[in-house]
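Visitor: I'd like to learn how to read empty space and strand pairing in a structure. Could you walk me through an example?

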Amino acid sequence: MTLGVSAAVFQDGQKVCFYGDSITHGGRFHYMIYDYYLTRFPDANITFLNAGVGGDNAGAAMNRIEEDVFARNPDVVVLMFGMNDVNRGQYVENPSEGNLAAQRSALTHYEKNMQRLAGTLQERLNPTFMFITPSPFDHTGVNDRNNNNPGCNDGLGKCAEIVKTLAGEMAKNKEAGSVNVVDFHAPMTAFNAKMQANDPRYTIVGPDRVHPQAQGHLMMAWLFLKTQGAPALVSDVVLNADAGAEKSVTVERSENATVSELKKDADGKISCTILEKALPFPMDAEAYPILKELPIVEELNQETFAVKSLSAGNYELKIDGNVVGTYTAEELAQGVNLAMNPKTPQFQQAENVRKLGLQRRGTEVKLRDHAAVRWFLRLRQVNPDDMAAVQKIYDEKFSKTGGYFEDKTPGYLKNWGNRAEVQEKLAQETEELLKLRKPVAHMYEIVPIK
């Protein structure tokens, strides 16, 4: 049993289920985590399962636990609820005693529902638990939507404390497996406050104050991977050119990579073949601005290459015959991080993994949209497998009232019977990803610029 800030990284063969609301349903943060695992551990077969449903909460999630979790038999369950449990509408300017009572009641129900949900999971699966505290509701950022629900994020902070307490209690239970907590709420709230001190319109979340955008999801992925103690190292290769010897060059260090065919010619050009055992962590370019504010590259994406003892001057670094950078001898001696260099074939291969992963995410979200409608129908006492009953309630009620789930019902009616095709496409895309992520050898050349 463990509880703390450092959970173990996922292991080969594990099946990881992300169980949550719309922030999970959309899948961005855990697809970023998936991208990291695909590229950092290319020989591991770890299954990631999206079990998010937009609009869900810790109580209603019990209505889909059989279909979305137990039927898939995961080894790890990542639980993230709270945004729809806190009763955001009760957070208003000058709240009445009724508003305050409703806020307290929501927290009480959240605690009971999280206890029941986690207890049911423990009893049936006894998985490794990873509890995630809710991401923030940005009630402080300035925007033009008049939707700030003052105090709502403080309520989510109380949800975060409930999560931490529950995890601590479970960790004391000798029957429980590993129990871990990933805190999104506190660091993201603090980061928001820091940035808003200079720009009141800044938000790590988004204009609706609920759903993080690309930068927020990358921060979430970073926080998750940091909690796991995920390694920064992609590879680390250090060559020594031995400037005093005409044709001497040696491998001083090689971590997570093999170096072969190393040579140095009379003109001082050094060449070798390097096979890395990982690819750099590909990141959404839309999220790049946050890399200036947080040590994400330093802590998760280090693909370092160095050449010591070069004669003073400038050098081209070529990979597979293409120039990827020009450096001084001093810069190469200190080492350069190639992980974020878009000219390298490794970066390009990793980016192709990310793009295919996005395509796969879109395929999986189609299945999650079906799951969301099925959840919604069950809450309204309609059997989601009785298509006549679904059509009837849509015709008589949903088509007139409208709304997120109501509007998805025609797609469910039309496409539920064809879900096997979507599942097959998802399986094919997964297989393609597993092949695409395999590192290949590349020829490096360090060429002096005359």
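**Cavities, a pocket and a sheet**

Guide: Let's start with one lining: around the second largest cavity, the residues split into five nonpolar, two polar and two charged. Keep in mind that this is a predicted model.

Visitor: How does one find such spaces, and how many cavities of 30 Å³ or more does the whole structure have?

Guide: The general idea is that rolling a probe the size of a water molecule over the atoms shows where empty space is left. Here, searching the whole structure gives two cavities of 30 Å³ or more.

Visitor: Back to the second largest cavity, then. What is its volume, and which residues line it?

Guide: Its volume is about 40 Å³. The lining is made of Ser235, Val237, Ile274, Glu276, Glu303, Thr304, Phe305, Leu338 and Tyr444. Strands do much of the work: S6 (233–240), S9 (270–276) and S10 (302–308) each give at least two residues to that lining. S10 has the largest share, with three residues.

Visitor: And what about the largest cavity: how much space does it hold, and what lines it?

Guide: The largest cavity holds about 50 Å³. Around it sit Tyr34, Tyr37, Leu38, Phe41, Ala44, Ile46, Phe48 and Arg437. By class that is seven nonpolar residues, no polar ones and one charged. Helix H2 (residues 28–40) makes the largest contribution to this lining, three residues.

Visitor: Now for open spaces. What is the volume of the largest pocket?

Guide: The largest pocket comes to about 540 Å³. It is lined by 25 residues, and those closest to its centre are Leu49, Arg72, Leu367, Gln423 and Leu426.

Visitor: Which elements supply at least two residues each to the lining of that pocket, and how does the lining divide by class?

Guide: Strand S2 (47–52) is one, along with the helices H3 (65–68), H10 (345–379) and H13 (419–436). By class, the pocket lining has 10 nonpolar, six polar and nine charged residues.

Visitor: S6 and S10 came up earlier. How should I read strands like these in a sheet?

Guide: As a general idea, in a regular strand the side chains alternate between the two faces of the sheet. In this model there is an open sheet of four strands in the order S7-S6-S10-S13, and its pairing is mixed. At its edges stand S7 (250–255) and S13, each with a single partner strand, so one side of each has no neighbour in the sheet.

Visitor: Which pairs are parallel or antiparallel in that sheet?

Guide: S6 and S10 run parallel over seven bridges, with valine 238 opposite alanine 306 in S10. S6 pairs with S7 in the antiparallel sense over five bridges, and there aspartate 236 faces glutamate 255 in S7. S10 is also antiparallel to S13 (residues 336–337), over two bridges. In that pairing, phenylalanine 305 has valine 336 of S13 as its bridge partner. Phe305 is also among the residues lining the second largest cavity.

Visitor: Last one: where does pLDDT stay under 50?

Guide: The general rule is that where pLDDT is low, the predicted coordinates should not be read in detail. In this chain, residues 1–6 stay under 50, and the model gives them 24 contacts beyond four places in sequence. For the chain, the mean pLDDT is 95, with 96% of residues at 70 or more.

Definitions and conventions:
Residues numbered from 1 in each chain as written. Predicted model: local features only at pLDDT ≥ 70, side-chain atom pairs only at ≥ 80, totals over all residues. Heavy atoms only, no water. 1 Å grid on protein atoms, 1.4 Å probe; cavity = no way out; pocket = protein on both sides within 12 Å on 5 of 7 lines; lining within 4 Å. Points joined across faces, edges and corners; volume = space filled by probe spheres on them. Nonpolar A, V, L, I, M, F, W, Y, C, P; charged D, E, K, R; others polar. pLDDT = per-residue confidence, 0-100. Contact = heavy atoms within 4.5 Å. Pairing = 2+ DSSP bridges.
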